Amino acid sequence: MRKIILLLFFINVMHSQSIKVSFLFKKNDVALDNMSLTKKFTLYQNESYSLFEVTDFMDINNFKYKDKVAVIKERDTIAFYTIDNAALTFSYNEQFYKDFRSGVLLSSELLEFKRKVFIEDKIDMFEWEILNEKDTIIANYKCKKATTKHRGREYEAYFTNEIANQGGPWKFDGLPGFILYVKTKDNFLEIQATEITYLDSVEDKLKNPFINKKRIPFSALAGEIIKEEKIRFQKAKSSETPSQSMIFGPRMGTIELIEELQKERVYD
């Protein structure tokens, strides 16, 4: 009995530790290959909160074809680029904040290269199926495999109960352990832990960056995007060379495929 109590005590202490985890976040966009890139993210987590944030969003070396990329403008929180002297893209200080106590996930989205909207979602949004397969070793931890379908994509993830009983990169969560690796079945996205550090405390790293920000539910994001498209069309219509109509095709290059935006939209 004493051995069992000591074991449970050890597990509870281990899972209440604060952690810092480094991740590689790779987007392999077959349709827009020039946009493919790999970014570095850092996750800080304790038993109550986690913050997943990009650490090098201005680094031009993130792009798969970095020799074709040119910087147009850089600010503190956003950078604009051209690719192959044609396509325009941007990178910004992406942050994902989880409050495990309330079950709330906070993030942001940049619309039309300028307006940032703040999004409130629930952490427990994934319906996972845990597979009965042999453990896989990732970053020296025994991991189990799980799969899910979520907002237009299919995912497989590997998680371990040797680090924490919750948590993971980006929006991923909801498994009985910490998620170390995720990929989409179409290879569009791959996220992999590269380094795990146990710390005494990370409270100074877990300040909520979304305090006092007006938030919308994820379900309202499509409406905000369409609103920005209409504003863009009205500006084009009132210019010196007015447009008679403007066509927006399916929204590409995004992880989450919003149904309303996966069809052609015409404004006239």
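**Exercise 1. Locate Asp 84 in the chain and decide whether Asp 84 is buried, partly exposed or exposed.**

Start with the place: Asp 84 sits in the loop that runs between strand S5 (78-83) and strand S6 (87-92). Keep in mind that this is a predicted model. Next, take the accessibility. Asp 84 has a relative accessibility of 43%. Buried means under 20% and exposed means over 50%, so Asp 84 counts as partly exposed. Now check the backbone. Most residues other than glycine have a negative phi. Asp 84 has a positive phi of about 60 degrees, and it is not a glycine.

**Exercise 2. Do the same for Trp 170: which loop holds it, and is it buried or exposed?**

Trp 170 lies in the loop between S13 and S14. Its phi is also positive, near 50 degrees, in a residue other than glycine. For the accessibility, the value is 4%, so Trp 170 counts as buried. Then look at the ring: Trp 170 belongs to a cluster linked by ring pairs, which also includes Phe 23, Phe 25, Phe 41 and Phe 172. The count of aromatic pairs comes to 15.

**Exercise 3. Work out what the largest nonpolar core is built from.**

Here's the background: in soluble globular proteins, nonpolar side chains tend to be buried together. In this model, the largest nonpolar core has 40 residues, and the ones with the most contacts inside it are Phe 23, Phe 172, Phe 178 and Leu 180. Now ask which elements give two or more residues to it: they are strand S1 (18-27), strand S2 (37-45), strand S3 (49-54), strand S12 (141-150), strand S13 (153-160), strand S14 (178-184) and strand S15 (189-199). S14 gives the most, with five residues.

Zoom in on one member. Leaving out residues up to four places away in sequence, Phe 172 touches a list of partners that includes Phe 126, Trp 128, Tyr 155, Ile 179, Val 182, Leu 189 and Ile 191. There is also a second, separate core of 10 residues, and Leu 111, Ile 119, Ile 216 and Leu 221 are among them.

**Exercise 4. Trace the strand pairing from S1 through S2 to S3.**

Begin with S1 and S2: they pair in the antiparallel sense over nine bridges. To find the register, put Ile 19 opposite Gln 45 in S2. Move on to S3, which is joined to S2 by five bridges, again antiparallel. Here Phe 41 has Val 54 in S3 as its bridge partner. The turn is a hairpin, with three residues between S2 and S3.

How covered is S2? Seven of its nine residues are buried, so S2 is largely enclosed by the rest of the structure.

Finish at the start of S1. Ser 18 is found in this strand, and with a relative accessibility of 6% it counts as buried. Among the residues that Ser 18 touches, not counting those up to four places away in sequence, are Gln 45, Asn 46, Thr 197, Tyr 198 and Leu 199.

**Exercise 5. List the strands that S12 pairs with, and find the hairpin residues with a positive phi.**

Take the partners one at a time:

- Strand S10 (residues 129-130) is joined to S12 by two bridges and runs antiparallel to it; Glu 129 has Thr 147 as its bridge partner.
- Strand S11 (residues 136-138) has three bridges to S12, also antiparallel; Thr 136 stands opposite Cys 143.
- S13 pairs with S12 over seven bridges in the antiparallel sense; His 150 stands opposite Arg 153.

Now the turns. The S11 and S12 hairpin has two residues between the strands, and Ala 139 takes a positive phi near 55 degrees there. The S12 and S13 hairpin likewise has two residues between the strands, and Arg 151 takes a positive phi near 45 degrees. Arg 151 has another contact to note: its charged end sits over the ring of Phe 218, 3.6 Å from the ring centre. As for cover, seven of the 10 residues of S12 are buried.

**Exercise 6. Step back: how many helices and strands does the protein chain have, and what share of its residues is buried?**

The protein chain has two helices and 18 strands. Of its 268 residues, 45% are buried. The protein chain exposes about 15,000 Å², with carbon and sulfur atoms supplying 49% of that area.

Terms used. Residues numbered from 1 in each chain as written. Predicted model: local features only at pLDDT ≥ 70, side-chain atom pairs only at ≥ 80, totals over all residues. Heavy atoms only, no water. Phe/Tyr/Trp six-rings, centres within 6.5 Å; stacked < 30°, edge-to-face > 60°. Lys NZ or Arg CZ within 6 Å of the ring centre and 35° of its normal. Helix = DSSP H or I, 4+ residues; strand = E, 2+ residues; numbered from the N terminus. Buried < 20%, exposed > 50% of the residue type's maximum accessible area, 1.4 Å probe, protein only. Areas by Shrake-Rupley, 256 points an atom, 1.4 Å probe, with all protein chains shown as cover. Core = buried A, V, L, I, M, F, W, Y, C linked by side-chain atoms within 4.5 Å. Contact = heavy atoms within 4.5 Å. Pairing = 2+ DSSP bridges.
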